[in-house]
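User: I would like a close look at one part of this model. Please start with the cysteines, then move on to the helix and its charged pairs.

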Amino acid sequence: MNRSFLFCWLAVLSAGAAFAADRSERFFDTRVAPILTKRCLGCHNEELMNGNVSFLDRDSLLKGGSKGPAIVPGDPGQSVLVNLLRHDGEVQMPPGPKLPSKEIAILTRWIRDGAVWGTKLQKRR
């Protein structure tokens with residue numbers, strides 16, 4: 001009886017983890033990816049790499065550029081991306097007007113929740 005209970009419990013936990021990962025990927029695809037594509041990929045891509053960082057994939061953001069890791073999963077306060085988006089320092093991204101606070105909040109939440117990546121991003125043509 002204990003073994004079947006343990007097996008069922010592990011199956012429930014596994015299904016819950018898969019659901020959470022799927023939900024995180026959906027959040028990226030529907031909320032984060034459109035912001036990165038519209039606001040960042042024009043300058044931060046495989047061709048231009050402004051700041052020596054591309055926003056085309058998670059590994060590039062984890063590696064970061066000349067100022068350090070663009071994202072630190074679980075820690076938006078240590079993520080260069082969030083600090084630059086706030087327009088608090090000398091360097092500000094994007095150049096010009098600050099992103100709407102709703103978009104900054106979405107990116108901050110994504111990083112805080114682990115920066116799970118979904119569909120591969122494509123640079124706009």
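How far is the sulfur of C40 from the closest cysteine sulfur, and which residue holds that sulfur?

Analyst: The sulfur of C40 is 9.1 Å from the closest cysteine sulfur, which belongs to C43. That is too far for a bond. A word on the basis first. This is a predicted model, where local features need pLDDT of at least 70, side-chain atom pairs count only at pLDDT 80 or more, and totals for chains, interfaces and linings use all residues. Residues are numbered from 1 along each chain as its sequence is written, and side-chain values use heavy atoms, with hydrogens and water left out.

Back to the cysteines. A disulfide is a covalent bond between the sulfur atoms of two cysteines. The cut-off used here is a pair of cysteine sulfur atoms within 2.5 Å. Seen from C43, the closest cysteine sulfur is in C40, again 9.1 Å away and too far for a bond. Searching the whole structure gives zero disulfides. The two cysteines also differ in exposure (buried is under 20% relative accessible area, exposed over 50%, partly exposed in between, with a 1.4 Å probe and protein chains only). C40 is buried at 8%. C43 is partly exposed at 39%.

Next, helix α4, residues 101–112. Helices here are DSSP runs of H or I with at least four residues, strands are runs of E with at least two, and both are numbered from the N terminus. The expected span of a helix is 1.5 Å times one less than its number of residues. For the 12 residues of α4 this gives 16 Å, and the end C-alpha atoms are 16 Å apart, so the two agree. Its buried residues are E103, I104, I106, L107, T108, W110 and I111. Just after α4, G114 has a positive phi of about 110°.

Two of the α4 residues, I104 and L107, are in contact with L85 (heavy atoms within 4.5 Å). L85 lies in helix α3, residues 80–85. L85 is buried, with 3% relative accessible area. Neighbours within four places in sequence aside, its other contacts are M93, P94, K98 and L99. The C-alpha atoms of L85 and L99 are 7.0 Å apart, although 14 residues separate them along the chain.

Now the charged pairs. Side chains of opposite charge can pair when their charged atoms come close. The structure holds three salt bridges (a side-chain nitrogen of Lys or Arg within 4 Å of a carboxyl oxygen of Asp or Glu). One joins E103 and R39 at 2.9 Å, N to O. This pair links distant parts of the chain: E103 is in helix α4, R39 is in helix α1 (residues 2–39), and they are 64 residues apart. E103 is buried at 16% relative accessible area. R39 is partly exposed at 32%.

Another salt bridge pairs D113 with R109 at 3.6 Å, N to O. D113 also meets R112, at 3.5 Å, N to O. Shared partners thus place R109, R112 and D113 in one salt-bridge network. Each member is partly exposed: R109 at 36%, R112 at 47% and D113 at 43%.
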